[in-house]
Every structure is written in C-alpha cells, then in structure tokens.
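Visitor: Could you take me through a close look at one part of this model, the zinc site and the sheet around which I would like to orient myself? I am new to the structure, so please explain the terms as they come up.

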Amino acid sequence: MVLSVLAPASTASATDIKGAAPAAAAVADPILAYGARIAGDDARTRVVIELDRAPSVAVHYLADPPRVVVDLPATAFGFPAKDLDARGLFTAIRYGTMDKDSARIVLTAAKPAKLVMARVQQNESGKGYRLVLDAEMVPPEQYADLVRKQTWTDEDTAADVGPVVPVENVKPSDFLIAVDAGHGGIDAGAMASDGSTPEKQITLAFAKALAEKLNAQPGIKAFLTRDSDAYLSLSQRVTIARQNHAALFISLHADTLKQKDIRGSTVYTISDRASDRLAADVADRENSSDKLAGTETRTTPPVVADILMDLTRRETQAFSVSLAQDVLNSFNGQIAMINNPHRYAGFQVLTAPDVPSILVELGFLSNKEDEKLLLDDAWRAKLVDRLAEAVRQYRAVTVANGG
Ligand code: ZN
C-alpha cells in the first residue's frame, strides 16, 4: 500500500496495529480487541482480552439474571467468536458496540458472581495490553448488596430516551415512515448457520433497501432508526419513531426457531395476549434484547390512565392491523409465508401508542431455504418491493379516508 510508504515512521508505533493510519485518524479509531481467551470453572473464571491500546474500564452489576457489565471506549472486536465462548461461571458472553463512543461486554452468570479483579496490564513484550477479568462466585445476599450499592444511575443504562436526532428535510405533507433494522451492536440477534452473517447485518441491509425504495415514491419519506452497526434499546426505537411523528413504524427481523422446518414470512402486530405459542416465543426473544445489552430500565414507567391515550391506542391498533393486512396482500403469491402469517404478541418495540407499528419476520435463519433467500440480493429487492407496495396501498386508503 502506497500510504504506508508515505506515512511518517513515527505514526507506526509498536502499539499501533494499523501502522499506516494517519496520526489524526488514529485518535478517533476504535481500540482493537485482537485476541481473547477464557478459562476456569464454575467457582472462578478468568476472561482475558488482548487490546492494541489501554482502555478505560467501568464495571457494573445487574440482577435477573446476574450480569457483569464491562463498559469500554469504542472498541472493534476482531477475534473469532469461538475464542470467547461462555464457560465456567458464565452462560453467555456478549460484546459489541453501544454507540460511536462506547462498547460493552456483558457476562451473564448462572449464579451471582463478582469481579475480584478488572485490570489493564501492558504485555511483557511491550506490544499491546491485556484486560484481565477475574470472576468469583458470591452468595446471593452479597450480590444483591453489590447491585444495590453501586453508584450507577438509570441514565447510565441508556434506559429510555437517547438523544433523538430529528429527521431532516421533511415536508409537512410527507408521509413519514420509520424503518427499524432489528438488533445491532452488542445485540447481534440470530446467526446464519455457518456463523458468517448475524441477523443485525441482514436486517440493516433490508432496512436500507426498503428506505431507499420508499424514498423513491413521491410524498413518502422513510428514515432509519439506525444506519450503522450500533445498539439501540427497544424503547429508543419507539421513541425515535414517536418524536419524529412517524406515520408508520416497520421493524425488520430474521430470527431462528427451534423448529427448523418452519419457514416463510410473518407479520406481527401488538397484543397483550399472543396469538399462539410460536408468537409468544418470538416476542420473548425479541424483548430480551435490552437484557442482553444490560440496558433494561430499572424504573417502572408511570401508569398513564388517560382515556384519550386509550382511544388513540385503539385507533392505532386498528391501523397496525390494516397495514399488516396490506403487507400480506402484497406478499400473496410472491413471497413464501408461514401458516397464519398475521400473528400477534407483546412486542416491546411495537408499543408506540400513536404510531401504527408492525414487525416483519422476513424469514427464519434456522430454515435452509429461508436462509438462502435472506442472503440473496434478488430476493431482498423483491421483498422490499412488495413491502413498499403495501405502504403505498395503505397510504392510498388512509389519504382517501382523510388521513
Ligand atoms: Zn430479531
């Protein structure tokens, strides 16, 4: 590479993995986590992460289930996932981007455990650093104490409303649509069978394609809740749609099921009671996103007993169902669908009381044929085309009925 020849020698320091990166860009570069290992048993477990620079580290604890949350500055995780497979005290280990300035590791423990050491050490060779996390089992009472006494506020959990960036260039007459790519950052969602492609990447590709397709229609303006591999809590997604006064909210997913023979698209709307067992399972999994990332709200939202809000909610619900029906009509004969393709369950991401919302399971990564389609550019274009047609149909009827 020509650049590496031209770069002054001083920028290619021993700890600079990228070597040739210009000095100015190096400052904003994420820390590179290039190696990881885990060892131990269910009494004591050690996690070691190799980094190109020394990070700041903050440790917090969450209950139900017990989780150790390790917050880091922006970090790119470049080691193979299998190097940090959960073992010992931990039943699940997740790591990834939270936002452009931060990353997080969430260690989920089978039984309460605390870090007896969280230290950054320079490698003896002088190249790079190690983050060493030593965890030990603690009695439940001690763990409860740990959770209670930590000086961690609800704001730290990115609980509810992040800074909402208003969508630009919206005309008052625009029919505004929030397109939500499911999962992101630390929450990868499901995974393709060969481990190559996480759901978060598939949903982002579909969301971008859908927004582009919608934006090509006059009078319709679509925006993305996330346009990069960043984490958003479920309530942030809802808030982004509401604060921008979106007319519709469409969340895209491609999950896995235990039943590998089940395939086809499903359109979900919200309901307190699930339509069936499968719908309840899918909603449970989707709703666990905040827990995986350690961002669930620890304060209960105030109960709003507002009759107007109740009416709005019911009206919104009717619009959500009508959009779901338009999607099914548009898919009919073109896109393979599951049996009873309109299902409902208590999805948190569909709780906006004033924005008609649907969640589309495009297909299932657990099914071989669906997986092939989900990774196929031509099928994506076709599906996105059908979704855009459904929105066009929905809008035509709403406009005809006076908006
Ligand atoms: Zn999903």
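Guide: What follows starts with the zinc site, goes on to the sheet and its helices, and ends with salt bridges and a second group of strands.

This is a predicted model, in which local features need a pLDDT of at least 70 and side-chain atom pairs count only at pLDDT 80 or more, while totals for chains, interfaces and linings use all residues. Residues are numbered from 1 along each chain as its sequence is written, and side-chain values use heavy atoms, with hydrogens and water left out.

As a setting for the close look, the chain has 403 residues, of which 47% count as buried, and its secondary structure comes to 10 helices and 15 strands. Helices (H or I, at least four residues) and strands (E, at least two) are DSSP runs, numbered from the N terminus; buried means under 20% relative accessible area, exposed over 50%, and partly exposed in between, with a 1.4 Å probe and protein chains only. Among contacts in the chain with a separation of 6 or more, 75% come from residues 24 or more positions apart, where contact means heavy atoms within 4.5 Å.

The zinc ion is coordinated by five named side chains, namely His 183 through NE2, Glu 199 through OE, His 253 through ND1, Asp 255 through OD and Glu 286 through OE, at 2.1 to 2.3 Å. Donors here are N, O and S atoms within 2.8 Å of the metal (3.2 Å for Na, K and Ca), and since water is not among the atoms, sites may look incomplete. Along the chain these donors follow the spacing H-x15-E-x53-H-x1-D-x30-E. The two histidines link distant parts of the chain, 70 residues apart: His 183 lies in the loop between strand E10 (175–181) and helix H4 (199–215), whereas His 253 belongs to strand E12 (residues 248–253). Both His 183 and His 253 are buried.

Strands E10 and E12 lead on to the sheet, an open one of 6 strands with mixed pairing and the order E11-E10-E12-E15-E13-E14. Strand E11 (220–224) and E14 stand at the edges, each with a single partner strand, so one side of each is left without a neighbour in the sheet. From one strand to the next, the twist averages 20°. Two strands count as paired if DSSP finds at least two bridges between them; E10 and E11, which run parallel, are joined by 5 bridges, and Leu 176 has Lys 221 in E11 as its bridge partner.

Two helices pack on this sheet. H4 touches E10, E11 and E12, and its direction makes about 160° with that of E11, while H6 touches E12, E13, E14 and E15, its direction making about 60° with that of E14. For these angles, axes are lines fitted to C-alpha atoms, for helices over the stretch in contact, and the angles run from 0 to 180 degrees between N-to-C directions.

The edge strand E14 also takes part in a salt bridge, a term for a side-chain nitrogen of Lys or Arg within 4 Å of a carboxyl oxygen of Asp or Glu. Asp 276 forms such a bridge with Arg 343, the closest N and O atoms being 2.6 Å apart. This pair spans 67 residues, with Asp 276 in the loop between strand E13 (265–270) and helix H6 (277–287) and Arg 343 in strand E14. Asp 276 is partly exposed at 25% relative accessibility, whereas Arg 343 is buried at 9%.

Another salt bridge joins Asp 354 and Arg 242, with the closest N and O atoms 2.9 Å apart. Here the partners are 112 residues apart, Asp 354 in the loop between strand E14 (337–345) and strand E15 (357–361) and Arg 242 in helix H5 (residues 234–243). Both residues are partly exposed, Asp 354 at 35% and Arg 242 at 31%. The whole structure has 24 salt bridges.

Elsewhere in the chain, strand E7 (residues 102–109) is mostly covered, with 7 of its 8 residues buried. E7 pairs in the antiparallel sense with strand E4 (residues 67–73) over 7 bridges, and with strand E6 (residues 90–99) in that sense over 8 bridges. E6 and E7 form a hairpin with 2 residues between them, and the bridge partner of Tyr 95 in E7 is Ile 105.
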